[in-house]
Amino acid sequence: MTFNALLLTKAEDGSTQAATTALDEAQLPEGEVRVAVAYSTLNYKDGLAITGKSPVVRKFPLVPGIDFAGTVAESSDPRYKPGDPVLLNGWGVGESHWGGLAQQARVKADWLVPIPAGLDACQCMAIGTAGYTSMLCVMALQGNGLKPSDGPVLVTGANGGVGTIAIALLARLGFEVHASTGRAAEAEHLKQLGATEIVDRATLSAPGKPLQKERWAAAVDSVGSHTLANVCASLRYGGTVAACGLAQGLDLPASVAPFILRGITLAGIDSVMAPFAKRVEAWGRLAKELPPDLLEGNTETIGLSAAAATASKLLAGQVRGRVRVDVNAA
């Protein structure tokens, strides 16, 4: 049986080539469960993999796509049977193991999560890894005691997948949300999601003082580098920042001052290797706490053949919110 997939290959000059290709089921990697994929998404990491702008891909040829949702087609694991609705995030899928930008995927049973009641495959990929990561950030902030009465929460990279859903989640939980963005034209969209104040990202992205005016009780940061350093320097006493991305950079040119003088916490958020129980909790909460109409208004749906071109736009900051890929559409 053949199926369509976005396949990445490496050219003789070392560049990454991406093309929609017909593959045979026998070419799928090993795994206990074969999934008929309905939807995948485009995330920042997918953009890096597809364009080759960062060495995300561990081996070629490779099908990218760090997440997917669909139904079990075949399983040798008793936990899953044909017809079961499932989703997947992380575990190196789309980096070292063939991923979700294909009509078929074969993966380890341990990597799958049952789709929770209240969501379907289409809605799951409107949320995707970005939304799941946002929920992990919110869980970390709440786990450290954050309450709406503590003060405003900053969300950096506010127009991205993580940022938009983080805003919606926090606002729905009663928090005052400030959104940092470099795209002033999107301010109204961010306010519709629940942001009450728009912060120009230029005020955070340049080198700053090690200790600054206390502004936010907590933050969700998907940017890293100077932005994260300035956020740390601007947290209120005892504040927490959940760090989950590196859109500006992998570096952290920060000072220990806010940690030892204000007792702040820097909580690292790893969505790739998170244990099963935490994944189930996060997806269960997403099913209950994100209204479907909000998801659809924050999501663009494309076909498989448009994934490569859209990946370039995503890295260029020309995509708002989430990109869902219907792998069965052209």
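Trainee: How far apart are the end C-alpha atoms of helix H3, and what should its 12 residues span?
Mentor: In this predicted model, helix H3 (residues 161-172) has its end C-alpha atoms 17 Å apart. The expected span is 16 Å, because each step counts 1.5 Å and there is one step less than the number of residues. The two values agree.

Trainee: Is H3 mostly covered or mostly exposed?
Mentor: Mostly covered, with 10 of its 12 residues buried.

Trainee: Which ones are buried in H3?
Mentor: The run starts with Gly-161, Val-162, Gly-163, Thr-164 and Ile-165. Ala-166, Ile-167, Ala-168, Leu-169 and Leu-170 are buried as well. Ile-167 and Leu-170 also appear among the residues with the most contacts inside the largest nonpolar core.

Trainee: What comes just after H3?
Mentor: Gly-174, with a positive phi of about 95°.

Trainee: Back to that core. How many residues does it have, and which others have the most contacts inside it?
Mentor: It has 50 residues. Besides the two from H3, the residues with the most contacts are Cys-124, Val-220, Trp-283, Leu-286 and Leu-290.

Trainee: Where does the largest share of this core come from?
Mentor: From helix H2 (residues 121-143), which supplies 13 residues. There is also a second, separate core of 42 residues, which includes Val-37, Val-57, Ala-105 and Ala-311.

Trainee: What is Trp-283 in contact with?
Mentor: Leaving aside neighbours within four places in sequence, Trp-283 contacts Leu-87, Asn-89, Pro-116 and Leu-119, along with Cys-124, Ile-127, Gly-128 and Tyr-132.

Trainee: Tyr-132 and Trp-283, what sort of aromatic pair is that?
Mentor: A stacked one, with 6.1 Å centre to centre and 10° between the planes. It counts as stacked because the angle is under 30 degrees. The count for the model comes to 1 aromatic pair.

Trainee: Where do the two sit along the chain?
Mentor: Tyr-132 is in helix H2 and Trp-283 in helix H8 (residues 276-289). They are 151 residues apart, so the pair links distant parts of the chain.

Trainee: Buried or exposed, those two?
Mentor: Tyr-132 is buried, at a relative accessible area of 0%. Trp-283 is buried too, at 1%.

Trainee: Different topic, the backbone. Which residues does the cis peptide bond join?
Mentor: Phe-60 and Pro-61, with omega at about -10°. Pro-61 lies in the loop between helix H1 (44-51) and strand E4 (67-75).

Trainee: What is the phi of Trp-91?
Mentor: Positive, about 65°, although Trp-91 is not a glycine. Its place is the loop between strand E5 (85-89) and strand E6 (104-107).

Trainee: And the phi of Ser-225?
Mentor: Also positive, at about 50°, and Ser-225 is not a glycine either. Ser-225 is in helix H6 (residues 225-234). It counts as buried because its relative accessibility, 4%, is under 20%.

Trainee: What does the charged end of Arg-324 sit over?
Mentor: The ring of Tyr-39, 5.8 Å from its centre.

Trainee: What does Asp-326 touch?
Mentor: Tyr-39 is one of its contacts, not counting residues up to four places away in sequence. The others are Ala-38, Thr-301, Ile-302, Gly-303 and Leu-304. Asp-326 lies in strand E15 (residues 322-326). Its C-alpha atom is 9.1 Å from that of Gln-103, 223 residues apart along the chain.

Trainee: What does UniProt list for residues 14-325?
Mentor: The unreviewed entry lists "domain: Enoyl reductase (ER)" there. In the model that span is 32% helix and 26% strand, and its end C-alpha atoms lie 27 Å apart.

Key. Residues are numbered from 1 along each chain as its sequence is written. This is a predicted model: local features need pLDDT of at least 70, side-chain atom pairs count only at pLDDT 80 or more; totals for chains, interfaces and linings use all residues. Side-chain values use heavy atoms; hydrogens and water are left out. UniProt positions are given in the numbering used here, feature names are shortened, and annotations may be inferred rather than shown by experiment. Helices (H or I, at least four residues) and strands (E, at least two) are DSSP runs, numbered from the N terminus. A nonpolar core is a set of buried Ala, Val, Leu, Ile, Met, Phe, Trp, Tyr and Cys residues joined through side-chain atoms within 4.5 Å. Buried means under 20% relative accessible area, exposed over 50%, partly exposed in between (1.4 Å probe, protein chains only). Contact means heavy atoms within 4.5 Å. Rings of Phe, Tyr and Trp (its six-membered ring) pair if their centres lie within 6.5 Å; planes under 30 degrees apart count as stacked, over 60 as edge-to-face and the rest as tilted. A charge sits over a ring if NZ of Lys or CZ of Arg is within 6 Å of the ring centre and within 35 degrees of the ring normal.
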